[in-house]
Amino acid sequence: MTGWTTRADVVAKLRRRWDSGDFLAAYAADAPLLPLEVPLRGPGPRELAGDLAAAQEWAAQWRKANGIRLEYQRVGGRLIGANELPRRVWIDEWPQLWSLLGVTAAVDSYSCLLDRTRTAAPALTAWMLDKPHEVLALAGEWDRVVATVRWIDTSAPPGTFLRQVDVPGVDTKFIERHRAVLSRLLDCQLPAHRIDTDCPPSDFIGRYRFRRKPQYVRFRWLDPRCRTGGFTEITVRADEFASTPPVAESIVIVENETTYLALPPTENTVAIFGGGYALTRLDALSWLTDRRVRYWGDIDTHGFAILDRLRRTFPHTESMLMDRPTLLAHETQWVQENSPTIAILDHLRPAESELYQDLVENTFGPSVRLEQERIRYASIESALRDE
């Protein structure tokens, strides 16, 4: 019976359509999918003549199958006579299909979820029809997902913190865990003005106009004579720092925390702890335009990429200790950079760009990196004295 269609073959074929969502979507939308036909491959005239007993056994197995309708075709000839063999399986009712696939409980669950959602949030039903298996995968939490969508729609004006979502059994971890499906459903539920389409669905906070956590700037006075509110070092909100700048002529942005803390006394100067690519929080500090700004990062490809990013907003930014002489003077301190970048950096000055290109091309060796904490302290003192 090699190659003749078995019940398992039919179930496997139907299972693929179930897995695609076709069946559930058609059932929920009352689409005219039934009756459903599945062709069977059975014995032909030569196979009947070669092994009539096997062919009859195959046919008998199909006659015992429950929950389906068989269509027969006459096969045979002069040698063995005509035989009525199954040639198609027909499924006439949805319960027959669900029983054959063993999914009756799943269908009942989906139907209940769909009915409840049609009442509570009808705008979501089109998505449920399109993605039935995603709904089933969330069956145990679906009602809370829908309740979250409804609460955001009715009770979360722009500027609400995510922590303020007040749905029983829902917290920020629940929202984060289900962020992908919540994004799709909120796109269906919310009016257009509630969605910032410039933000991708992955930016849940921005896209649905929640309030972001404030960004902070940590800074310290290098001038021992100066204080801010009586403090030599302080961490403040970036938006408040934007409107209340320190009265300092010079700003030094440093990436390494230990180095930031160990910077020597320098007249009329404030040091800002950079934080790598997170220094985009400094973009709001428009008063930096009127100050001398020096950036000091590692001499590696990402250090120059961060400098390039800062210069997009503050073109007058100078680099400090990020030059070829500094690199060559500390050869014994070189390490290797993990995952260097090869991005095109348009805001570097000629000498910086040449050094960056040498690093990209491994002119000094593979992925050379000089971390700023490895630079001699005397070099730092000399750089900060340089006006």
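How many aromatic pairs does the structure hold? The structure, a predicted model, holds 13 aromatic pairs. The exercises below start from these pairs and then move to helix packing, loops and backbone geometry.

**Exercise 1. Classify the pair formed by Trp4 and Trp58, and locate both residues.**

Step 1. The ring centres of Trp4 and Trp58 are 6.2 Å apart, which falls within the 6.5 Å limit for a pair.
Step 2. The angle between the two planes is 70 degrees, and the pair is edge-to-face.
Step 3. Trp4 sits in the segment before helix H1 (7-20), while Trp58 belongs to helix H4 (residues 52-63). The pair therefore links distant parts of the chain, 54 residues apart.
Step 4. Burial follows from relative accessible area: Trp4 has 6% and is buried, and Trp58 has 4% and is buried.

**Exercise 2. Classify the pair formed by Phe219 and Phe241.**

Step 1. The ring centres are 4.7 Å apart and the planes stand at 15 degrees, so this pair is stacked.
Step 2. Phe219 is in strand S4 (residues 216-221) and Phe241 in helix H13 (residues 238-243), so the pair ties together parts that are 22 residues apart in sequence.
Step 3. Phe219 and Phe241 are buried.

**Exercise 3. Name the members of the aromatic cluster that includes Trp18.**

Trp18 is joined in one cluster by Tyr27, Trp94 and Trp98.

**Exercise 4. Describe the packing of helix H15 on helix H17.**

Step 1. Two packed helices are described by the angle between their axes and the distance between the axes.
Step 2. For H15 (residues 301-313) and H17 (residues 350-360) the angle is about 145 degrees and the axes are 9 Å apart.
Step 3. The crossing of these two helices is left-handed.
Step 4. H15 contributes Thr301, Phe304, Leu307 and Arg311 to the contact, and H17 contributes Glu352, Leu355, Tyr356, Leu359 and Val360.
Step 5. By class, the contact residues are six nonpolar, one polar and two charged.

**Exercise 5. Place Leu348 relative to H15 and H17, and decide whether Leu348 is buried or exposed.**

Step 1. Leu348 is in the loop between strand S10 (335-336) and H17.
Step 2. Leaving out residues up to four places away in sequence, Leu348 touches Phe304, Leu307, Asp308, Arg311, Ser353 and Tyr356. Phe304, Leu307 and Arg311 also take part in the contact from the H15 side, and Tyr356 does so from the H17 side.
Step 3. Leu348 has a relative accessible area of 11%, under the 20% cut-off, so Leu348 is buried.
Step 4. As a long-range reference, the C-alpha atoms of Leu348 and Arg74 are 82 Å apart, with their positions 274 residues apart in sequence.

**Exercise 6. Work out the surroundings of Asn256.**

Step 1. Asn256 occupies the loop between strand S6 (250-254) and helix H14 (257-262).
Step 2. Its relative accessibility is 17%; this is under 20%, so Asn256 counts as buried.
Step 3. Its side chain reaches the backbone nitrogen of Thr259 at 2.8 Å. The side chains of Asn256 and Glu373 are joined by a polar contact of 3.4 Å.
Step 4. Apart from residues up to four places away in sequence, Asn256 touches Phe273, Gln372 and Glu373.

**Exercise 7. Describe the setting of His330.**

Step 1. His330 is located in the loop between helix H16 (324-329) and S10.
Step 2. With a relative accessible area of 6%, His330 is buried.
Step 3. Its contacts, not counting residues up to four places away in sequence, are Leu370, Arg374, Ile375, Arg376 and Ser379.

**Exercise 8. List the buried residues of helix H11 and name elements that cover them.**

Step 1. Val181, Leu182, Ser183, Leu185, Leu186 and Gln189 are buried in H11 (residues 179-189).
Step 2. The cover includes helix H7 (125-130), helix H9 (142-155), helix H10 (172-177) and helix H12 (204-207).

**Exercise 9. Find backbone exceptions to a general rule.**

Step 1. Most residues other than glycine have a negative phi, and most peptide bonds are trans.
Step 2. Leu34 and Pro35 are joined by a cis peptide bond with omega about 0 degrees. Pro35 is in the loop between helix H2 (22-28) and strand S1 (36-39).
Step 3. Arg209 has a positive phi, near 60 degrees. Arg209 lies in the loop between H12 and S4, and at 30% relative accessibility Arg209 counts as partly exposed.
Step 4. Asn268 has a positive phi of about 55 degrees and lies in the loop between H14 and strand S7 (269-273).

Notes: Residues numbered from 1 in each chain as written. Predicted model: local features only at pLDDT ≥ 70, side-chain atom pairs only at ≥ 80, totals over all residues. Heavy atoms only, no water. Axes fitted to C-alpha atoms, helices over the stretch in contact; angles between N-to-C directions. Helix = DSSP H or I, 4+ residues; strand = E, 2+ residues; numbered from the N terminus. Left-handed = near helix turned anticlockwise from the far one by under 90°. Contact = heavy atoms within 4.5 Å. Nonpolar A, V, L, I, M, F, W, Y, C, P; charged D, E, K, R; others polar. Buried < 20%, exposed > 50% of the residue type's maximum accessible area, 1.4 Å probe, protein only. Polar contact = N/O pair within 3.5 Å; in protein donor to acceptor, adjacent residues only side chain to side chain. Phe/Tyr/Trp six-rings, centres within 6.5 Å; stacked < 30°, edge-to-face > 60°.
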